[in-house]
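Biologist: Can you put the model up? I'd like to go through it with you.

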Amino acid sequence: MKTSKFWVFVFVGPSLFLLLIFSIVPIFASFLLSLTNFNVYALVDWSRAKFIGFENFKDLFRDELFWKAFFNTLYCLSIALPVTTVLALLNAVLLNRKDTKMKNLFKVCFFLPFVTNTVAIAIVWSWIFNPHYGLMNWVLGLFGIRGPQWLSDPKWAMLAIIVFVVWRGLGYNTLLFLAGLQNIPQELYEAAELDGANAWQKFLYVTLPMLRPTTVFVTTMMIIGYLQLFEEPYMLTQGGPMNATLSIVLYLYRQGFKFFKLGYASSIAVVLFLLIISLTVLRLRLSRE
Amino acid sequence: MKRFFCQLLSHAVLVFFSLSMVIPFAWMLSTSFKKPHEIFVFPPRWIPREPTLKNYLDLFRAVNFSRPFFNTLIVAVSITVLSVLLASTAGYAFSKFRFKGRDKIFLLVLATIMVPGQMTLIPVFLIVKQLGMLNSYAGLIVPGVASAFNIFFMRQYMLSIPNELIEAARIDGAREDYVFFKIVLPLSRPAIATIAIFTFTGSWNSFLWPLVVAQDERYYTLPVAVSVLAGQYSENLGLQMAGSCVVILPILVFFILTQKYFMKGIAPLTGLKY
Amino acid sequence: MRKLMIFLYLFLFALVALSQQRVLQIWAMGEEAKKLNVMAEKFVQENPNVRVEIQAIPWSAAYDKLLTGIAGGQLPDLAQMGTTWMAPFGAIGAFEELTPYLAKSFIKKEMFFDGSWQTVTMNGGVYGIPWYVDVRVMFYRTDILKEVGYERAPQTWDELYDVAKKLKARGEGYYALSLLFTGVFGNEFMPFVWQAGGKILDEKGNVRVTDPEFVQAIEFYARFFWEELAPTAGGNLFQDFAKGTVPIFFSGPWMVRMIDEQTPEVKGKWSVALMPKKVKRTSFVGGCNWVIFKNSKNKDLAWKFIEFMTRPENQIEWYKLVSNLPAVVEAWNFPELANDPMMKVFRAQLEDAMSPPNVPQWEEIATAISRRVEEVIFKKRTPQEAANMLKRDIEKIVRK
């Protein structure tokens, strides 16, 4: 029995209307903008924007700063993703153990970094990485290691950002894994024990396979999230030193909102979109095997 | 004996990671009570020898943090209430209504989640400008209300509500809005709580959009105010820390109070099959 | 009944009076915004039936706000405009051309410092009036420099390099001077180019960054980092200056008051000096100008306010309020400035100070310059290579 048009309109209408204006139309507009040379003069007078076809993309292809941003972002992803996943899984497993005390306290601690505002906590982290007065080098000093300049050193700056990024995401992902772990039926473990499996084998043959949906979800969201890396480099280094921490979105922001080359910035956005889609699809395809 | 050792190791690891989560906050809090000459000392000092409330006082007197605080509160609450309302109605429709094109439209909604915010940032900015909503509460709130993620989440959750309940009510002659408010909504409490927490947190902490929409301090939200603070008073770290504390504290309290509901709500997320 | 009539009359009177009142809207930034209403009150006393509304905008948001204001047509009558922003906004056509106003006024080009007037002229027209200037000079610890044998500040590039080496020799953790090396630091670096006699663009618009003078400046700047004479990590400028780990830095007049406020313990142990000389001793002059927007409906009133702020006695008044240096040369004859030994240095420096080219793409150019110089600092390129790359960068930017 079909629902009356009236109710469909009332229940779905507002959401769809807003999504249309603020999501769907902008997506198409973005594709369009990337084909123009919309810049600061056009902001005042739209007729000053000219259609230039794929010029922006050609320029982007030859833009070495864009490629730097591209590889920086992938570099961050390639380290942050496995590190976060492994650490989150580890902590989730530990938290899930029957004899772990103060579970709630741990959970709250873990979630702290995620609920807080990146901008506010970034200030603390820029201090933590201060080579002379910061916590990081002080701790390293306790072990007799002379810490690097971190955010002022092109070789180390991105790693510092990655540490910050992992710190931010660890708690949230730990809790997701925890929820997934708690959904695994006990009988499976009991059956494995009857077959003589030890702890490690139980983990490999029961836990990991049963955790599949969760792992897929967690890693997919991380891919989508890390590719959009922005707030961390924006607050800590503004992309420096020597553009070592320039991320794709940071470059987009610079082109679009500092130089007001909105057409060029839109082409960066389109490329990013394609990158996210392809990596996500790849991830999901891999998980089917 | 081995059992005890395992337990010790396990707790040690958890304590290590928990501490590393908490330490930056502890530092933030400690520094917000320090005078300038106590901040840049080596080795780092945790408890200030001459604690002071000056940073907090300056924050609300000289710098005017109260307006951004107020703004952020208004914006976050508005977005949360409206978004939850819209998402639950749409979620209900997508899960329990029958109409032509229902699944195709839902797929379209789903597709928009894949799109990064930065891609639509520029066109949304231009659209908002054309609508005359720049530098206003409308500009801060309206674009954030429709959330494809929230709609998706509610729909998934409501799928698990038994159809018999709903059909029974319909047969009894109940209108859809009655069914929704009296039956479906009460049953969806964990999901509502979850998206409410996500949405509130997200809009409280949102930085890029308010940065771009607000053109003067009247419409700054807290994250924007903090970054402006960092820019203007870059040498006064104590003041910045106090600002950060003010931004973070409310959301922390909010989370600690509601974390029970949150844990219940994210379970369904992880059961998604791909 | 009578009471009602009286009330009505008063009400009508107020309405009429208010409508006669003209409102001048001004946008101001930073510290200035906070103190400007003091001057506005004086202005209103001289001009009854005028109200002045000042909107305060933090510097970090000002660029965007101005841009969207222009795009959306929401602009005030008058605004404070940073010198390096004159060109981008001027190119959009937002400012009123002021030559007709100058013809009927006491304000004349000769009243201002050359470097300052440079920033208000574009394409042969005058688009603003200088309000205040700032110029960078060398700040140094007199006591510490004495310890290494310098009774007065280094006067030339060679002396600067020499004193730097001696200061570094004090030991581990000691540096000589603070220089920016990351982000957009064009304003910190350009003075060295000018001191060497170099430039970015010449009169015909050709890019001259591969000239030997420019390359020399890159090398000189980078060398301070190569030999660890300048730190490559952040600290806190005030604390480092007070502790003596970084006893020299370059900055503007606002630091004078801030040093006293932040680190009173160094009082009497520091001073300022002119930039070191290579061919010239040029420094960077910035500051703010007044601009009137084309769409304003109160242009005459706005001009009156500009005239008010340009009077030497009000320039010195403003100096006393905020420590901004007057753009009007005559104001420097007042005792507060004439008799202050530190201010004398700023005055002298203003005679030899330049500002970057007044082109709309300065933001992009400054970013490109910073990027290439950074590459030299981190030894990714030689100075000549960087200059060659920079030439290509800038040619691409100005071509569009």
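Modeller: Here is a short run through the chains and their interface.

Modeller: Ground rules come before the numbers. This is a predicted model, where local features need pLDDT of at least 70, side-chain atom pairs count only at pLDDT 80 or more, and totals for chains, interfaces and linings use all residues. Residues are numbered from 1 along each chain as its sequence is written, chains are lettered from A and ligands numbered from 1 in the order in which they are written, and side-chain values use heavy atoms, with hydrogens and water left out.

Biologist: How many helices and strands in chain A?

Modeller: Chain A has 14 helices and zero strands. Those are DSSP runs, numbered from the N terminus: helices are H or I with at least four residues, strands are E with at least two.

Biologist: And chain B?

Modeller: Chain B also comes to 14 helices and zero strands.

Biologist: What box do the C-alpha atoms of chain A fill?

Modeller: Roughly 75 × 75 × 35 Å, along the principal axes.

Biologist: What share of each chain is buried?

Modeller: In chain A, 60% of the 289 residues count as buried. For chain B the figure is 58% of 274 residues. Buried means under 20% relative accessible area, with a 1.4 Å probe and protein chains only.

Biologist: Switching to the interface. How many residues does each chain put into the contact?

Modeller: Chain A gives 96 residues and chain B gives 96 residues. Contact means heavy atoms within 4.5 Å.

Biologist: What area is buried there?

Modeller: About 8,700 Å² between chain A and chain B, with carbon and sulfur atoms giving 80% of that. This is the accessible area (1.4 Å probe) that the two parts lose on being put together, summed over both.

Biologist: Which residues of chain A lose the most area to chain B?

Modeller: A:Phe11, A:Phe22 and A:Trp127, together 9% of what that side buries.

Biologist: Which helix of chain A gives the most to that side?

Modeller: Helix α1 of chain A, residues 5-33, with 20 residues.

Biologist: How does that side divide by residue type?

Modeller: Into 72 nonpolar, 17 polar and seven charged. Ala, Val, Leu, Ile, Met, Phe, Trp, Tyr, Cys and Pro count as nonpolar, Asp, Glu, Lys and Arg as charged, and the others, Gly among them, as polar.

Biologist: How many salt bridges cross the interface?

Modeller: Zero by the rule, which asks for a side-chain nitrogen of Lys or Arg within 4 Å of a carboxyl oxygen of Asp or Glu.

Note on methods:
Buried means under 20% relative accessible area, exposed over 50%, partly exposed in between (1.4 Å probe, protein chains only).
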